[in-house]
Amino acid sequence: MKALMKKEAGRGMDGIVLCDIPKPEPESRELLIKVMAAGICGTDIHIMEDAYPHSVPVVLGHEFTGIVEKMGKDVKGFSIGDQVIVHNIIGCGHCHYCMKGDYVFCSEKQSIGVNLNGGMAEYVTAPYDHAMVVPESMKGKDIPALSEPLACCVRGVLEQTKIGPGDKVLVTGPGVIGLLCAQLAKLCGAYVIVSGTGLDKERLKLAKKQGADQTADQPDTLKEIVASCTEQGVDVVLECSGSAGAMAGALELIRKQGRYTQVGMFGKNISVDMDTICRKEIEFHGTFATAHSTWEKLLKLYQQDNLQLEELVSQRLPLSEWKKGFEMFQKKEGNKIFLIP
Ligand SMILES: [Zn+2]
Ligand SMILES: [Zn+2]
């Protein structure tokens, strides 16, 4: 089968090869999934650049959906033909964190598409207790390939941050993650302001279309908006850009005793004005990947069918054109790019 593999470290894009490898066989507790689509994510780029811990060789792709084609003998609760999504992080199953479903913090964790062969291939295998059947309304569509990034946002917005009706929420960085966080904050009943830069005009337009109350593409405009709709600053910041400048700006615009969640990763050390965090008594949270509880919430959201996901996918490219997709991602062209095997 065709599979996009990272074969060698230290070679950037040249270390990634579309190759022909044997179709995997599911182990006793695994599903064999025929992939419908796999999303390109910043993590794939970081793996390509050796800037994220991973194993080599490995098939990339942790954001995918597909159809169950074969099952190991101990699989329960699935049928051939089911369309599934997969919680991609697999832990030891018995440590402190695994017992809580926080596999991401297991010291022995392995992730599909990072250490285990992933979904940028015709087929992928996954343990059945990490797979979930998509709701009827999504069946046959490839949009559930957006589940993993959406789940990361569910973790950050619904599990790590307290947001209530009427809260003024500032989302900085209108990439796919920021746009999804803005939608989730709206579902919590918040008044949502989304900010970006001059390069984000189209993305901010999309944010508005998807329900954001205000958008700003310049720091001064953002300041004016926050001053006009709050007394002392926003109640909540969801920092999704991973940019030091956006963080500094947001710490200025958050009210005293506000809630701040860092969703975006910086990829390097940055300097932070910690005194502002102290003086304002800001409740500061990190968020990373997903917990098992997150996926339950995600399925409930899917059942309600009130998220606008389709317009976040800007391209669907055949897997053979992966290079074009990776380059577009690096140039920040469009939004989510799906590879179709
Ligand atoms: Zn991802
Ligand atoms: Zn564990």
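1. Start with Thr230, in this predicted model. With a relative accessibility of 13%, Thr230 counts as buried, because the cut-off for that label is under 20% relative accessible area. You'll find Thr230 in the loop that runs between α6 (219-229) and β14 (234-239). Its side chain makes contacts on either side in sequence: a polar atom of the Thr230 side chain lies 2.7 Å from the backbone oxygen of Val226, and the side chain also reaches the backbone nitrogen of Gly233 at 3.1 Å.

2. Thr161 makes a good companion to look at next. Thr161 sits in the loop between α3 (147-159) and β11 (168-172), and at 8% relative accessibility it counts as buried. The Thr161 side chain reaches the backbone oxygen of Gly156 at 2.6 Å. Its other partner here is a side chain: Thr161 and Thr261 are joined side chain to side chain by a polar contact of 2.7 Å.

3. Now for the metals, beginning with the zinc ion listed as ligand 2. Which residues hold the zinc ion (ligand 2) as protein donors? They are Cys92, Cys95, Cys98 and Cys106, each through SG, at 2.3 to 2.4 Å from the ion. Along the chain these donors follow the spacing C-x2-C-x2-C-x7-C.

4. The geometry of that site is worth checking on screen. The angles among the four donor atoms run from 104 to 115 degrees, and the site of the zinc ion (ligand 2) is tetrahedral. The label applies because four donors count as tetrahedral if all angles lie between 85 and 135 degrees. For reference, the ideal angle for four tetrahedral donors at a metal is 109.5 degrees.

5. Two cysteines of this site get different exposure labels, so here are their values. Cys95 has a relative accessible area of 22% and is partly exposed, whereas Cys98, at 6%, counts as buried. The dividing value is 20%, which is why the two labels differ.

6. The zinc ion given as ligand 1 has another set of donors. Its protein donors are Cys41 (SG), His62 (NE2) and Glu63 (OE), lying 2.1 to 2.4 Å from the ion. In sequence they are spaced C-x20-H-E. Both His62 and Glu63 are buried. Do keep in mind that water is not among the atoms, so a site may look incomplete.

7. There is some backbone detail to inspect in the loop between α1 (42-48) and β4 (58-59), where Pro57 lies. Val56 and Pro57 are joined by a cis peptide bond, with omega about -5 degrees. Asp50 is found in the loop between α1 and β4 too. Asp50 is a residue other than glycine with a positive phi, near 60 degrees, and it is partly exposed at 35% relative accessible area.

8. Another positive phi turns up in a strand. Gln257 is found in strand β15, and its phi is near 60 degrees, again in a residue other than glycine.

9. On to the rings: the structure holds four aromatic pairs. One of them is Tyr260 with Phe284, whose ring centres are 4.8 Å apart and whose planes meet at 10 degrees, so the pair is stacked. This pair links distant parts of the chain, with Tyr260 in strand β15 (residues 254-262) and Phe284 in strand β16 (residues 283-286), 24 residues apart. Are the two partners buried or exposed? Tyr260 is buried, with a relative accessible area of 0%, while Phe284 counts as partly exposed at 38%.

10. Trp322 and Phe326 form an aromatic pair of the edge-to-face kind, with 5.4 Å from centre to centre and 90 degrees between the planes. Both residues lie in helix α10 (residues 322-330), four residues apart, about one turn of the helix. Trp322 and Phe326 are both buried.

11. Lysines also meet tyrosine rings. Lys23 lies over the face of Tyr123, 4.3 Å from the ring centre. The charged end of Lys168 sits over the ring of Tyr191, at 5.5 Å from its centre.

12. Last, the annotation. An unreviewed UniProt entry gives "domain: Enoyl reductase (ER)" for residues 12-339. Over residues 12-339 the chain is 29% helix and 25% strand, and the end C-alpha atoms lie 19 Å apart.

Key:
Residues are numbered from 1 along each chain as its sequence is written. Chains are lettered from A and ligands numbered from 1 in the order in which they are written. This is a predicted model: local features need pLDDT of at least 70, side-chain atom pairs count only at pLDDT 80 or more; totals for chains, interfaces and linings use all residues. Side-chain values use heavy atoms; hydrogens and water are left out. Donors are N, O and S atoms within 2.8 Å of the metal (3.2 Å for Na, K and Ca); water is not among the atoms, so sites may look incomplete. Four donors count as tetrahedral if all angles lie between 85 and 135 degrees; four count as square planar and six as octahedral if opposite donors are over 155 degrees apart and all others between 65 and 115; anything else is irregular. Buried means under 20% relative accessible area, exposed over 50%, partly exposed in between (1.4 Å probe, protein chains only). UniProt positions are given in the numbering used here, feature names are shortened, and annotations may be inferred rather than shown by experiment. Helices (H or I, at least four residues) and strands (E, at least two) are DSSP runs, numbered from the N terminus. Rings of Phe, Tyr and Trp (its six-membered ring) pair if their centres lie within 6.5 Å; planes under 30 degrees apart count as stacked, over 60 as edge-to-face and the rest as tilted. A charge sits over a ring if NZ of Lys or CZ of Arg is within 6 Å of the ring centre and within 35 degrees of the ring normal. A polar contact is a pair of N or O atoms within 3.5 Å; within protein, one must be able to donate a hydrogen and the other to accept it, and residues adjacent in sequence count only if both atoms are side-chain atoms.
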